[in-house]
Amino acid sequence: MQIYTDGLIIREQAIGESDRLVTVLTRDEGLLRAFVRRAKDLKNRGSSATQLLCYSRLTIYRGREKYIIGDARPIKVFFELRSDIERLSLAQYFCELAGKFAPEGTPSEPFLRLLLNALHFLCEGSRPPLLLKATVEMRLLALAGYMPDLVACSECACYEAETMYFLPQKGILVCDACKSPQEMPAVALTRGVLQALRHIIYAEFDKLFSFTLSPEGTAALANAAEAYLLSCLGHSLPTLDFYKRLTV
C-alpha cells in the first residue's frame with residue numbers, strides 16, 4: 001500500500017552502514033516511523049529530504065510490519081537553524097514534544113502546522129525564542145487533550161483580577177481572593193500574561209503567533225507554560241534540559 005503525504009522529519013537514526021530510520025510527523029497519518037534505504041548515498045535524491053528538520057513530500061510504502069520511504073522531495077529545509085546552537089536545540093525540543101504528544105495513524109494537520117510555523121519564526125528570528133517555546137508547549141498540550149481551563153477562577157468565576165494564579169498541577173486558575181496558602185505550586189499571572197495565555201489556548205490558529213509581551217511578561221509566560229508541561233508529562237525531556245543549559 002502506498003501513502004502520499006507531506007511530513008516533517010522530527011527524528012533520525014542511522015541503521016547499518018547506509019540506511020536511516022526516521023520519525024515523521026505527517027499531515028495525513030500522524031506520527032510514523034519509516035526506513036530510508038541508501039540514505040547516505042549522495043546519488044539518492046531522498047537523502048537530503050529525509051534529514052532532521054526537513055519538511056518533505058513523501059511516498060511511503062506500508063508493509064506488514066514496517067514503513068519504507070520510496071521517494072522524498074524537499075518542500076522546506078530549515079537550514080538556517082543549523083548555524084545557531086540555541087535555536088537548533090529549541091527546534092529539536094519542539095520535535096521531541098511532537099514525538100511525545102502527536103497521535104499515530106490519524107490525520108494530524110494541527111500538530112504539523114504548529115511545528116512548521118514555530119520553526120519558520122525561529123528561522124526568521126522574528127519572535128523571541130521563549131515566546132515561541134511557551135506557545136508551542138501550551139498549544140500542543142491543548143491539541144493533545146490537555147487543555148487547561150483558563151476561562152475564569154475555578155472557585156468564584158472571577159474572569160480577571162489584578163493578579164490571577166495558574167495552578168499547573170490542576171490546569172486551572174484561581175484569583176487572589178480564592179487562592180489557598182496550601183495551593184502549591186501557583187504561578188502568579190499579571191493581566192497581560194493571563195491574556196497571552198488565554199490567547200495561546202483559545203485563539204484561531206491564523207492569529208496564534210500574533211501577540212507580544214514585555215521581556216518580563218515573556219519570562220512569566222514561559223514559566224507557567226513549562227510548569228504545566230512538566231506537570232502533564234511527569235518528567236523532563238533531554239532536549240529541554242539541554243536547551244536550558246544553553247540559555248542559563
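**Reading a predicted protein chain**

Modeller: Of the 248 residues of the protein chain, 48% count as buried. Please bear in mind that this is a predicted model.

Colleague: How should I read the word "buried", and where do the buried nonpolar residues gather in the largest nonpolar core?

Modeller: A residue is buried when its relative accessible area is under 20%. In soluble globular proteins, nonpolar side chains tend to be buried together. Here the largest nonpolar core has 69 residues, and those touching the most other members are Leu8, Leu25, Leu81, Phe94, Leu189 and Leu221. Helix 2, residues 109-124, supplies the largest share of this core, with 10 residues. There is also a second, separate core of 12 residues, among them Ile9, Ala49, Ile60 and Ala72.

Colleague: Which residues does leucine 25 touch, leaving aside those up to four places away in sequence?

Modeller: The partners of leucine 25 come from several stretches of numbering. They are Asp6, Gly7, Leu8, Ile10, Gly30, Leu31, Ala98, Ala102, Ser108, Phe111, Leu112 and Leu115.

Colleague: How do I judge the overall form of the protein chain, beginning with its secondary structure?

Modeller: The secondary structure amounts to six helices and nine strands. For 248 residues, a compact globule would have a radius of gyration near 18 Å, and the 20 Å of the protein chain agrees with that. Along the principal axes, the C-alpha atoms fill a box of roughly 65 × 35 × 30 Å. The exposed surface comes to about 12,300 Å², of which carbon and sulfur atoms supply 51%.

Colleague: What share of the contacts with a separation of 6 or more joins residues 24 or more positions apart?

Modeller: Such pairs account for 60% of those contacts in the protein chain. Leucine 131 offers an individual case. This residue is found in helix 3 and, at 5% relative accessibility, counts as buried. Leucine 131 and phenylalanine 211 are 80 residues apart in sequence, yet their C-alpha atoms are 9.4 Å apart in space. Beyond its sequence neighbours up to four places away, leucine 131 touches Phe211, Leu213, Thr218 and Leu221.

Colleague: How many aromatic pairs does a search of the whole structure find?

Modeller: The search finds five aromatic pairs. One of them joins phenylalanine 101 and tyrosine 146, with 5.7 Å from centre to centre and 80° between the planes. Since planes over 60 degrees apart count as edge-to-face, this pair is given that name. Phenylalanine 101 belongs to helix 1 (residues 85-101), while tyrosine 146 lies in the loop between helix 3 (129-143) and strand 6 (149-153), so the pair ties together parts that are 45 residues apart in sequence.

Colleague: Is phenylalanine 101 buried or exposed?

Modeller: Phenylalanine 101 is buried, with a relative accessible area of 12%. Tyrosine 146, at 35% relative accessibility, counts as partly exposed.

A further edge-to-face pair consists of phenylalanine 166 and tyrosine 228, at 5.5 Å centre to centre and 65° between the planes. Phenylalanine 166 is in strand 7 (residues 164-167) and tyrosine 228 in helix 5 (residues 215-233), so that pair links distant parts of the chain, 62 residues apart. In this case phenylalanine 166 is buried at 0% relative accessible area, and tyrosine 228 counts as buried at 6%.

Colleague: Which residues do ring pairs link into a cluster?

Modeller: Phe121, Phe205 and Phe209 form that cluster.

Colleague: Over which ring does the charged end of lysine 66 sit?

Modeller: For a lysine, the NZ atom must be within 6 Å of the ring centre and within 35 degrees of the ring normal. The charged end of lysine 66 sits over the ring of phenylalanine 35, 5.5 Å from its centre. Likewise, arginine 198 has its charged end over the ring of tyrosine 159, at 3.9 Å from the centre.

Colleague: What is the phi of leucine 53, which is not a glycine?

Modeller: Leucine 53 has a positive phi of about 70°. This residue is found in the loop between strand 3 (30-36) and strand 4 (54-62), and at 2% relative accessibility it counts as buried. Alanine 157 also has a positive phi of about 70° although it is not a glycine. Alanine 157 is in the loop between strand 6 and strand 7 and counts as exposed, at 56% relative accessibility.

Definitions and conventions
Residues numbered from 1 in each chain as written. Heavy atoms only, no water. Phe/Tyr/Trp six-rings, centres within 6.5 Å; stacked < 30°, edge-to-face > 60°. Helix = DSSP H or I, 4+ residues; strand = E, 2+ residues; numbered from the N terminus. Buried < 20%, exposed > 50% of the residue type's maximum accessible area, 1.4 Å probe, protein only. Rg over C-alpha atoms; globule rule 2.2 N^0.38 Å. Contact = heavy atoms within 4.5 Å. Areas by Shrake-Rupley, 256 points an atom, 1.4 Å probe, with all protein chains shown as cover. Core = buried A, V, L, I, M, F, W, Y, C linked by side-chain atoms within 4.5 Å.
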